[in-house]
Amino acid sequence: MLFLLLLLPMSGLVTEAFFGSHCQEMQLKPCTRGCSRVLDREFNGVANRVLPGHVYRNLTVRCQFVCARVCLADRCCFSFHYSEGERRCELNGATASRYPLALIERTGTNYYGPEEPSFAELLTNGREVAISLTDCWYRTHASAASECRKTGQHLCLQWELDHASKEGYPATPLSWYADPDSQAVLTETGVTYHDLPLTSPSPGLCCSLPMSYRHPVLTRESYDLADRAGQASGCSDLAAHLCTLAELKEAYEHGYRSWDWYYLATPNRDASVAGCSEYHYGDECYQDTIANTPRPEWRTRAYCCPNRA
């Protein structure tokens, strides 16, 4: 059964986007997210569907527009349900974009959240959505990664974002992904990557695609440090791409070891997949696993991670 997509512009009710700094406790139930979040001025709906397990407050109001206004004014509210027949308004502490496969059928009750219409269209077409956006916005890569792990996911790898873009996943704001040195934005035309520094909180892009793992391979030739195009081309010849730090960590966890130092996706650095030593710490040790330094050889080979469909 296809879901009915409902669009409810809220600009007539709210003059500006509501920015919640931190969730606060409420009388009916404590709001425990303790995080920053942004709610847009527009809610989009999916008919006859609800997001179970996240309702923390019920009230009776005359229409869904009033329910939307209550949600916007409540720092704990991320989305809501509304039943026309019962005039029941249910406030949720999460969104469907965070739990895209959790929506269930409830005749007569509609889900409303800040998701773009194209996200709801993915759901209406019955397609699995294996990528989600955290409801909370974080200032650090580690915080976003921790939130993904809470639901059995991980911050998306670059190949997963490329795959999501090809599958028509809707546009996202500037968001954390697996590489700690940059952030990503999904657009209608592809994925754009941005280097830090970060100037404001950002959500995390969480993925749960099957991980058909294969060990990294090395380019056949050595390249100059500044020859990024040559390094990328060398990987492309092997049906692969320059490995990110997150992918090298994944390789390490699968038992791959390399004590030599080679280029990777992070410019002007080299890495060794042999665990960090006492000589590499701080930003030279990725998640206590992959040693990487800003003192690479002027000419060497590169780590390539096989492309995954």
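This is a short talk on a pocket, one buried threonine and some aromatic rings in a predicted model.

Okay, let's start with the pocket. I picked the second largest one, and its volume is about 340 Å³. There are 16 residues lining that pocket, and the closest to its centre are His154, Leu155, Ala246, Lys249 and Gln287. So where does the lining come from? Three elements give two or more residues each: helix H3, at 141-150, strand E12, at 154-155, and helix H6, at 245-253. H6 has the largest share, with 4 residues. As for the chemistry, the lining of this second largest pocket is a mix of 7 nonpolar, 5 polar and 4 charged residues.

Hang on to Lys249 for a second, as that name comes back with the threonine. Thr289 sits in the loop that runs between strand E22 (285-286) and strand E23 (290-293). Is Thr289 buried or exposed? It has a relative accessible area of 10%, and the cut-off for buried is under 20%, so Thr289 is buried. If you skip the neighbours within four places in sequence, Thr289 touches Lys249, Tyr252, Gly275 and Cys276.

Tyr252 has something else going on. Arg257 lies over the face of the Tyr252 ring, 3.6 Å from the ring centre. There's another arrangement of that kind at Arg98, which lies over the face of Tyr99 at 5.7 Å from the ring centre.

Now, rings with rings. The model has 4 aromatic pairs. One of them is Phe43 with Phe80, an edge-to-face pair with 5.0 Å centre to centre and 80 degrees between the planes. Phe43 is in strand E4 (residues 42-46) and Phe80 is in strand E7 (residues 79-83), so this pair ties together parts that are 37 residues apart in sequence. Phe43 is buried, at 1% relative accessibility, and Phe80 is buried too, with a relative accessible area of 1%.

Then look at Tyr262 and Tyr303. Their ring centres are 5.2 Å apart and the planes are at 85 degrees, so that pair is edge-to-face. Here, too, distant parts of the chain are linked: Tyr262 belongs to strand E20 (residues 258-263) and Tyr303 to strand E25 (residues 303-306), 41 residues apart. Both Tyr262 and Tyr303 are buried.

Last thing: which residues do ring pairs link into a cluster? That would be Phe43, Phe80 and Tyr112. Okay, that's my tour, thanks for listening.

Methods. Residues numbered from 1 in each chain as written. Predicted model: local features only at pLDDT ≥ 70, side-chain atom pairs only at ≥ 80, totals over all residues. Heavy atoms only, no water. 1 Å grid on protein atoms, 1.4 Å probe; cavity = no way out; pocket = protein on both sides within 12 Å on 5 of 7 lines; lining within 4 Å. Points joined across faces, edges and corners; volume = space filled by probe spheres on them. Nonpolar A, V, L, I, M, F, W, Y, C, P; charged D, E, K, R; others polar. Buried < 20%, exposed > 50% of the residue type's maximum accessible area, 1.4 Å probe, protein only. Contact = heavy atoms within 4.5 Å. Phe/Tyr/Trp six-rings, centres within 6.5 Å; stacked < 30°, edge-to-face > 60°. Lys NZ or Arg CZ within 6 Å of the ring centre and 35° of its normal.
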